Amino acid sequence: MATLDTLKRALLQKASATTSTQKQPLSDEQYRVGLDIFLQSSGWMTYQDFIVPQLIQLLGPLFQSRLRISVLEIGPGPKSVLGHLLDDQKQKITKYTAFEPNKVFASKLKEWLHSNPFPCLEHAASINLSAFTSRFDLYKKPNPDDERFDVILFCHSMYGMTHKHEYIIKTVNMLVEQPGGGMVVVFHRDGLRIEGVVAHRVTSFPTGIVSIVDTDKDLDRFAQFIAGFSAQDESLRALWRSVCRDLGRHDTAQPGNLLFSAPEIMVVFTRNATAWRLSAPLMKENRKVKNREAHLRLPCGIVQPTGIVDVQDCTGWALENKTGLTVMGGGHSGHCLWSNIRAIDMGTLNKAHVIASGDTKPGPLIVVESGCRAGDIIRKALADGLTVPLGARPSVGAGLWLQGGIGHLSRLHGLACDAIVGAVVVSVESGKVLSVGYVPDQHRPHDAVPLEDNDLLWAIKGAGTNFGIITSITFKAYPTPTYTVQNWVLSFNDMATAKAKIGEFDNLIAKGLPRSCSADAYLFWNKDRLHLGITMFETSMATNCVTSVALTRAYKILGPGKSIQIVDSMSVFDTEMYMSEMHGGHGGGKTSSFKRCLFLKDIGESKIATILLKAIENRPTPLCYLHLLQGGGAIGDVPADATAFGCRDWDFACVITGVWPREQDGTKEETAAVRWVYQISGILLPLSTGVYGADLGPDPRDAALAVKAFGPNLMRLARLKKRWDPCNVLAYACPLPAPPKDPKVIVLVTGESGAGKDFCAGIWACLFTKSNITASVSSISEVTKCEYALATGADLNRLLNDRTYREQHREALTAFFQSQVEKRPQLPEKHFLNVVHSATDIEVLFITGMRDKAPVATFSHLVPDTKLVEVRIETGSEVRRVRRGLKPAKDTLKDKNYAPQDEKDSLRDKHDALKDGENALDEWDYSPSFVFHNDDEGGLPARSFFQRQLLPLFHPLFQQLAGMVRQIPDFPKLDINFRHVLGISQSRGGLKLCTSLLRAHCTSDWTQISSIVCVETGGFIFASALALQVDVPLALTRENGKLPPPVVSVVKDTSHISGVTGQDQGEKTIEMEVGVIPKGGKVVVIDDVLATGKTLCAVLKLLIKAGVARNDISAMVVAEFPFHKGRELLYREGFGGVNVQSLLVVGGV
Ligand SMILES: Cc1cc2nc3c(=O)[nH]c(=O)nc-3n(C[C@H](O)[C@H](O)[C@H](O)COP(=O)(O)OP(=O)(O)OC[C@H]3O[C@@H](n4cnc5c(N)ncnc54)[C@H](O)[C@@H]3O)c2cc1C
């Protein structure tokens, strides 16, 4: 199936070869008919599956951040595609301008606009019946308002435009200048070339198909639409029809139709499109890359770094301009270059250093810069008698070892990524240089930040193209072996014999090989016969060949084979069958290829062998082949979750390789070969044990493969991607899914042993599930129990399930945990995150077994998008004793040696408190969010507590309120995503909703409250509205000098947030009038936001100074930003006992 571009080229070629041709521009009507045919065929599918969903997703955040959206659409046709946006998005469009030179379309567009598709337009839509022109001064700033837009859209309207970049430059200059800017969005057939402008994002849709009815009339109309002009003479029209019939594909599913491939692309530009200068040197001419997909792309300059500083410069530039980057290693993948995206060619950083054994702790090592190719490393190591397990081809680059690396040494030493011990990385999160794992001192840049956290090293070992720009890798090196290489090429006349031979190869040869051997197989056709090629590699530390048991066995089964070769680790590259035997060696000369690789077990099993043989029988071009690289051995020694490379259980990596002669590039043979690769991958996928991530990229056809690329590690990687590449700078690497959302609410169920924590948590989780809110219970202490059992030999099963047994170990278990925390102070945080991250796809998580004193204050910043609450279960000590299976206290008091467990606990607690510092905490230093008294048997009280306190946390009104908090990117500074909490009061109904929620959740009895304390400025708005409703007077707190004396005052530190928002920093004094709160009165403090907690802390101090008792104060904020650890500050300052609630929890800064 040819692409529409191939078809267009062929049509134009015929036209130029026909001398008599008169080119007539298409009339408006001819254009309309052509478009109709196009859309009525499967062209509309492209809109439905790509354009509309992409627009909805792309414009979502922009529309969310604005009250009004203005749109300019260039060439919308008879109606705007924006009519397919979501209703609430369409309601934001207040200004719509279009340029539509086609009179037929323009009048239809006007008609369509009369149906009111954008209901909130503030002026009538403006339709210019003329072509949009880029002619006047490109860089001239337009008039402030009427010529500026939030969104400018070219949806298939760039075809006739020459100098397309001028249109982009002109339109990006017409974007609004507000924070977050606007965007120019272009949809076009893939292959769009716009030089010299930087895209914010590029997304492709390669699977679009156009299906045309194969009649002369339809083909005439379609051909002229694609060619862009009409053919006057019938002879050319006839030629065009035969071109269409020749290039189009017939499909039995659509008889009577011709199918063409219509790959599509979306390119998005922002005001930064022209900001493409930077100080790092750019390549004069674009580098030629081996990969054909990458070769076709037109990057926005390729940076050639002279050192790490240039890589940092480029990363900083990408972060500042909110664009992506691609990185070029050996250039073998399709993702190292992308059109309109800047690339960094690491080729100039290509030094390798061997560090001999004895010089270093883990030696021998080899430190390689990222521009090295496999051959460079092997050559360098060989000179010192060393090697590294890499791949089979010398030209492949860093993409191999960062994403796995399968080669002839894998069975002996593991994958290339397994040999990585350290790396130097330019962070795409901060632009800083990081050193992870073990990097020898002399190879660690002086400004590199050493990273304690091993997560990044873990991720680099198997998924390393997604988390930063790696500038060097430190490998563990091994003594270099000698390779004995033996090839066999067997040919077959029938499939049954071939299948039997594959079975013999797998079961009798491959499965019995020692780790020092590996056997690869190739299935290919040559001279009309099916061939099975086999290469056996045997490594030995001896320098001369000894025919081993394995080879002797193989001879028996496969026959004598070709002449044996004994080679070193450089020469072994040339022994590969693809290079030496297949199709006349190296594909017989100049070829292009496309491949994907899946992991298989038991290839000799009939079902898999049949699929492989059928696949090769149905190859679309003679050169396509399957390459099976042997796995097992040391690859499987590494646990699946020990590195990011999570697919460890396979016998063979099956590389499905579509190959075609280079002169067939861009023809239907290429399309067919690529389609075959995906088709066979799709058939093998369900039978595979994983997929090799190395060749996968943002192509949607890779999505299903990428899901299986990392085994059990996918979600951990997704989380790490958000952590290490939050702006998606490396957007074109192997795709990772969006990280799973943390639960909306986490309830920490705490209390003493025997209080009934698990019992209550179980009931509440069940009740949530019955209310259609997904919930689960996890115990945080399980992991400690596992570690304790391992360390002491205790029975884990009984520790988890047998209460009496657990009681016997309770003290020892507590001591064990405390000793662990002393060694690893971050352990409680790690345990907490492990529990949260292992609970995916639920809305409420109950965590039991928590030992921390003030868990909400300590942990809420770790889950900044989640509402974290603590329910403490309280029960009388006798009830607890009975529940724990202990005798009642009165029966044991006579025992002199016996100290009741609770007494022991309380003694220990006191001891701990004293140890913590002189100022041991009193009862008001910390209180949980809720207390539940669980003395009664049965679940009734727990049920009523659920209805009263827990279910309301999910009231839909909270969601409605959250929807009113607009996010404004890059305000007031770059990279700050401002949440406009006060904007709630500017939304229709916002203040009313917020007030009613405050009223319902602050207290159940407003008659008990004597004052509402309000905090300048945000608090004034919400507190005033609340005061009006509940009829309680306000008590104002203000900066000094604003209230009449006498006043009480305290000093308040301004938060670092005030600093970033450009407000004053340093100290301020806040004041309140003396006597405004009656003696003994209860108060509620109201503020808009709880972030660092400094303001609330100062207000609480002020209240205490004014004589208000601590237990008479509670506080409520509209939105809490846990990221800033406000609750921790309140706790540290002694206000952990004040009940502080928030209506909304807002993630981010
Ligand atoms: C002819 C051929 C033979 C192959 N043989 C083998 C083999 O024997 N064993 C095997 O396991 N695989 C093999 N592969 C697959 C190969 O591992 C992948 O194609 C790999 O991605 C190629 O890496 P590269 O650096 O050459 O390509 P590139 O296209 O330059 O890079 C691949 C990916 O890595 C990223 N990347 C490169 N450098 C860096 C860096 N410094 N920091 C961050 N990201 C970076 C790129 O952005 C890109 O996403 C082969 C591929 C081909 C085409």
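So, helix 11 first: this helix gives five residues to the shell around the ligand, the largest share of any element. Keep in mind, everyone, that we are looking at a predicted model.

Let me stay with that ligand for a moment. The shell holds 30 residues, and those that come nearest are Val-327, Gly-329, Gly-331, Ser-333 and Tyr-692. One of them, Tyr-692, also places a polar side-chain atom 2.6 Å from an oxygen atom of the ligand. The backbone joins in too. At Ala-392, a backbone N or O atom sits 2.7 Å from a ligand oxygen atom, and at Ile-406 a backbone N or O atom lies 2.7 Å from a ligand nitrogen atom.

How much of the ligand does the protein bury? On its own the ligand would expose 950 Å², and the protein buries 93% of that. Which elements give two or more residues to the shell? Those are strand 13, at 325-328, helix 11, at 398-403, and strand 21, at 469-476. If you sort the shell by class, you get 14 nonpolar residues, 13 polar ones and three charged ones.

Now, let's move on to a pair of helices. Please find helix 13, residues 455-463, and helix 20, residues 714-724; their axes come within 11 Å and cross at roughly 115°. For those of you who like handedness, this crossing is left-handed. On the helix 13 side, the contact is made by Asp-455, Leu-456, Trp-458, Ala-459 and Ala-463, and helix 20 answers with Arg-716, Leu-717, Leu-720 and Trp-724. What classes of residue make up this contact? Seven are nonpolar, two are charged, and there are no polar ones.

Last topic, friends: some backbone details in the loops. Where would you look for a cis peptide bond? One runs from Phe-971 to Pro-972, with omega near -5°. You will find Pro-972 in the loop that links strand 36, residues 966-969, with strand 37, residues 977-980.

There is also a cis bond from Glu-1016 to Thr-1017, and here omega is near 0°. Thr-1017 belongs to the loop between strand 38, which spans 1009-1015, and helix 33, which spans 1018-1030.

And then there is Asp-602: although this residue is not a glycine, its phi is positive, at about 50°. To locate Asp-602, go to the loop between strand 27 (591-600) and helix 17 (606-617).

That's my tour, and I'm happy to go back to any of these spots on the screen.

Conventions:
Residues are numbered from 1 along each chain as its sequence is written. This is a predicted model: local features need pLDDT of at least 70, side-chain atom pairs count only at pLDDT 80 or more; totals for chains, interfaces and linings use all residues. Side-chain values use heavy atoms; hydrogens and water are left out. A residue is near a molecule or strand if one of its heavy atoms lies within 4 Å of it. A polar contact is a pair of N or O atoms within 3.5 Å; within protein, one must be able to donate a hydrogen and the other to accept it, and residues adjacent in sequence count only if both atoms are side-chain atoms. Accessible areas come from the Shrake-Rupley method with a 1.4 Å probe; for residues, only the protein chains shown count as cover. Helices (H or I, at least four residues) and strands (E, at least two) are DSSP runs, numbered from the N terminus. Ala, Val, Leu, Ile, Met, Phe, Trp, Tyr, Cys and Pro count as nonpolar, Asp, Glu, Lys and Arg as charged, and the others, Gly among them, as polar. Axes are lines fitted to C-alpha atoms, for helices over the stretch in contact, and angles run from 0 to 180 degrees between N-to-C directions. A crossing is left-handed if the near helix is turned anticlockwise from the far one by less than a right angle, and right-handed if clockwise. Contact means heavy atoms within 4.5 Å.
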